[in-house]
Amino acid sequence: MKLLVTEIRLHLREWPLLFFTIGLPLGLLVVLGLSIPFFTEAGAGGERYVDAQWPSMMVLLALLTLACSVLPATLSTYREQGVLRRMSTTPVGPGRMLGVQLLINLGIGAVTTTLLIVAGTVVFGSAPPRQLAWFVLVFLLGTAALLAMGLVIASLAPNAKVAPGIGSAVMFPLMFLAGMWVPRDVMPDVLRTISDYSVAGPFAAALRDTWAGHPPQVLHLVVVTAGLVVFGGLAVRLFRWE
């Protein structure tokens, strides 16, 4: 608990990064939702873009920022400064530091997601996720898979300066494959197939489905779970304390 409290304080000191991680998705949700008429126009079945599709994209943006930028940079800095090596000589051990970092990033992601749900309800009158139990399961599973990916990035980064660059090189293609700029429904068949197995694509689709009131597709759950297993295994094998 002392380690958790200390790390929370350190994260709060980096308030510009924290504000960016939480504020950017919220700002994009509200500003683009209010300024682009298409976002609030009812489509097929009466669903608007701000009801499920756009909020789920903003949740994904927040989680990818945490997984590809915040987590790798923090752990790479600690390893470069010798924090993890020194902790390995104490009863605390570096593994607890790793667990605390994962817990804090999960908490930030949960707070951001809650704020996005509240903002959508207050500003646009959107309903909260209609399949709440499925939504929570998908959120936890997908967040764990993305954070495991972040651990792999932290493992491969030679130092703290390179980690954000590697994270960005991973983050932006995943955002594209998830449908951030081009909806998955209008992607060419080859690109959609790649998206279906990109972890971020199935994760975003499952978030959107559960938000709109539909259970997630089995394929999406399988791919996200497989991503967690694969990247989690790679993180265990590749992660370096020194």
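In this predicted model, Val122 has a relative accessibility of 66% and therefore counts as exposed, the cut-off for that class being over 50%. Val122 is found in helix 6, and together with Leu34, Val118 and Val123 this residue forms a nonpolar patch on the surface, for which the combined accessible area is about 380 Å². Helix 6, which runs over residues 94–124, supplies the largest share of the nonpolar patch, namely three residues.

A contrasting case is offered by Ser126, which lies in the loop between helix 6 and helix 7, the latter comprising residues 132–156. Because the relative accessibility of Ser126 is 4%, and the limit for burial is under 20%, Ser126 counts as buried. The side chain of Ser126 is also engaged in a polar contact with the side chain of Asp51, at 3.1 Å.

Helix 4 was examined for its span, its bending and its cover. This helix, formed by residues 53–80, has 28 residues and reaches 40 Å from its first C-alpha to its last, which is close to the 40 Å expected at 1.5 Å a residue. Helix 4 nevertheless contains a kink of about 35 degrees, and this kink is centred on Leu66. With regard to cover, 24 of the 28 residues of helix 4 are buried, and the helix is accordingly described as mostly covered. Just after helix 4, a positive phi of about 80 degrees is found at Gly82.

How values were computed. Residues numbered from 1 in each chain as written. Predicted model: local features only at pLDDT ≥ 70, side-chain atom pairs only at ≥ 80, totals over all residues. Heavy atoms only, no water. Patch = residues over 30% accessible without salt bridge, like charges linked within 9 Å, V, L, I, M, F, W, Y side chains within 5 Å. Areas by Shrake-Rupley, 256 points an atom, 1.4 Å probe, with all protein chains shown as cover. Salt bridge = Lys/Arg side-chain N within 4 Å of Asp/Glu carboxyl O. Helix = DSSP H or I, 4+ residues; strand = E, 2+ residues; numbered from the N terminus. Buried < 20%, exposed > 50% of the residue type's maximum accessible area, 1.4 Å probe, protein only. Expected span 1.5 Å × (residues − 1). Bend = angle between axes of the 7 residues up to and from the residue. Polar contact = N/O pair within 3.5 Å; in protein donor to acceptor, adjacent residues only side chain to side chain.
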